[in-house]
Amino acid sequence: MIIGIPRETRPGETRVAATPETVKKLAASGQHAVVVERGAGVASSIPDAQYEAAGASLADTAQALGADIVLKVRAPAGAELAMLKRGAMLVGLLNPFDAQAMTAVAGTGVTGFALEWLPRITRAQAMDVLSSQANIAGYKAVIVGANEYGRFMPMLMTAAGTVKAARVLVLGVGVAGLQAIATAKRLGAVIEASDVRPSVKDQVESLGAKWVDVPYETDEEREIAEGVGGYARPMPPAWMARQAAIVHERAKQADLVITTALIPGRPAPKLIKAETVAAMKPGAVLVDLAVEQGGNVEGAEAGSIVDRNGVKIVGLLNLPALVAADASALYARNVLNFLSLSLNPKSGEFNVPRDDEIVQATLVCENGTVVPRKA
Ligand code: NAD
């Protein structure tokens, strides 16, 4: 069989779905040919020659997309769709929540696997692209935020006087939020953090940050806050109002606010109101990692950095793509681990285990139709 690695075409997408390390493993059995589109790795600092040295052959777009197994970062779109082969296996972040785009991919007749739908079970952790990329986004959010902030992050005692440490507020402490706390800590900031899920408190404190508590007033609130399958659920309006009041007070003290709150398949919850932004200190910076899903911060604009009376709101998209080489390295390993369920890297044997929970959960289209999500 032919395994194809196309170059990503979405604007700003610098990542690639395979690296020389994973190509070497995919080619190791000698049973399958790996074809990499020329230039596919350049934006991730991987020259074509490194893929060739790992055992791939270089190809054009049509050859890479026309392979039997196509490994992608983003869902194919536009002109890419016509180049996919009916019955081919397609693996990537296929954005299954976008029904229109999903129907277009399904229409090509590929058997598509969307890595967004990997179940959060131990066996799937090594394949979990959402976690590997969120980790990078959390790191980069702090770096970008610190860059936009016109003061130091650490406390400094100098001959010219003392500089206070920056105060960082992290809202939404999943994978990205935890890494944001760890990164801000390394830079010497003083950190507060909050999340709807109560289980996060211990993790926040173990990283040296202070937990900002939004108390539950009913059993219903407490139950919803537990989330489902590791993900949050939308909280009742009364809790959101209490959270907004507490966040307002904490944000007024903060120099850098990082928001990461997401609810799968829904618009991101609004955690910072416009009046809170207006009450923040001049020079403060907010980085909204949820901007692609509508944003946690009122007034955040996708793809740009806006200034609201001296407070900057960073709405840059796809932060992992700004750490392209490492983001690709981790993504490619995730994809290889997922593919290894079906393709034995040593023997080369290929057999998709249709009864495997991971395979069933991620299958999004087949034989021209969209496969409804398993409950
Ligand atoms: P996510 O990206 O879906 O959401 C980010 C965070 O936002 C979550 O912590 C969520 O609780 C929080 N949030 C949502 N609504 C909020 C609100 N209104 N106010 C405040 N916070 C809000 O989450 P994620 O980072 O993908 O992961 C969530 C959890 O799942 C983590 O604890 C992670 O460790 C766990 N996880 C487990 C596995 C596994 O067991 N295989 C894999 C990945 C992640």
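Visitor: What makes up the shell around the ligand, by class?

Guide: In this predicted model, the shell comprises 12 nonpolar, seven polar and four charged residues. Glycine is counted among the polar residues in this scheme.

Visitor: Which residues are the closest of those that surround the ligand?

Guide: The ligand is surrounded by 23 residues, and R120, V175, D195, R197 and Q243 are the closest. A residue enters this set if one of its heavy atoms lies within 4 Å of the ligand.

Visitor: How do you know that the side chain of Q243 makes a polar contact with a nitrogen atom of the ligand?

Guide: An N or O atom in the side chain of Q243 is 2.9 Å from a nitrogen atom of the ligand. The cut-off for a pair of N or O atoms is 3.5 Å, so the pair qualifies as a polar contact. The backbone also takes part: an N or O backbone atom of V175 lies 2.7 Å from an oxygen atom of the ligand, and a polar backbone atom of V196 is 3.4 Å from a ligand nitrogen. Both distances fall within 3.5 Å, so these pairs qualify as well.

Visitor: How much of the ligand does the protein bury?

Guide: Taken alone, the ligand exposes 840 Å², of which the protein buries 86%.

Visitor: What makes a set of residues a nonpolar core, and which residues have the most contacts inside the largest one?

Guide: Its members must be buried residues of the listed nonpolar kinds, joined through side-chain atoms within 4.5 Å. The largest such core has 39 residues, and V34, V36, L71 and F338 have the most contacts inside it. At least two residues each come from β1 (2-5), α1 (20-27), β2 (33-37), β4 (69-74), β5 (89-93), α11 (324-339) and α12 (357-362). Helix α11 gives the most, with five residues. In soluble globular proteins, nonpolar side chains tend to be buried together.

Visitor: What is L71 in contact with, leaving aside its neighbours within four places in sequence?

Guide: L71 is in contact with I3, G4, I5, P6, A17, L26, V91, V335 and L339. Another core lies apart from the largest one; it has 29 residues, among them M153, V168, A193 and I258.

Visitor: Why is T362 called buried?

Guide: Its relative accessible area is 0%, and buried means under 20%; T362 therefore qualifies. T362 belongs to helix α12. Not counting residues up to four places away in sequence, T362 touches G112, F113, A114, W117, L118 and F338.

Visitor: What makes the phi of N95 notable?

Guide: N95 is not a glycine, yet has a positive phi of about 55°. Most residues other than glycine have a negative phi. N318 also has a positive phi of about 55° and is not a glycine.

Visitor: Why is N95 called partly exposed?

Guide: The relative accessibility of N95 is 36%, between the limits of 20% and 50%, so N95 is partly exposed. N318, at 15%, is under the 20% limit and therefore counts as buried. N95 is placed in the loop between β5 and α4 (99-106), and N318 in the loop between β15 (311-314) and α11.

Visitor: Why does P96 count as buried?

Guide: P96 has a relative accessible area of 10%; this is under 20%, so P96 is buried. P96 lies in the loop between β5 and α4. P96 touches M102, A114, E116, W117 and V364, not counting residues up to four places away in sequence.

Visitor: Why does P119 count as buried?

Guide: At 17% relative accessibility, P119 is under the 20% limit and therefore counts as buried. P119 is in the loop between β6 (111-114) and α5 (129-148). Residues up to four places away in sequence aside, P119 touches A124, E357, I358 and A361.

Visitor: Why is E8 called buried?

Guide: The relative accessible area of E8 is 6%, under the 20% limit, so E8 is buried. E8 is placed in the loop between β1 and α1.

Visitor: How do you know that a polar contact joins the side chains of E8 and K72?

Guide: The two side chains are joined at 2.9 Å, and the limit for such a contact is 3.5 Å. The side chain of E8 also reaches the backbone nitrogen of V73 at 2.7 Å. Not counting residues up to four places away in sequence, E8 touches E13, R15, K72, V73 and R74.

Conventions: Residues are numbered from 1 along each chain as its sequence is written. This is a predicted model: local features need pLDDT of at least 70, side-chain atom pairs count only at pLDDT 80 or more; totals for chains, interfaces and linings use all residues. Side-chain values use heavy atoms; hydrogens and water are left out. A polar contact is a pair of N or O atoms within 3.5 Å; within protein, one must be able to donate a hydrogen and the other to accept it, and residues adjacent in sequence count only if both atoms are side-chain atoms. Accessible areas come from the Shrake-Rupley method with a 1.4 Å probe; for residues, only the protein chains shown count as cover. Buried means under 20% relative accessible area, exposed over 50%, partly exposed in between (1.4 Å probe, protein chains only). Helices (H or I, at least four residues) and strands (E, at least two) are DSSP runs, numbered from the N terminus. Contact means heavy atoms within 4.5 Å.
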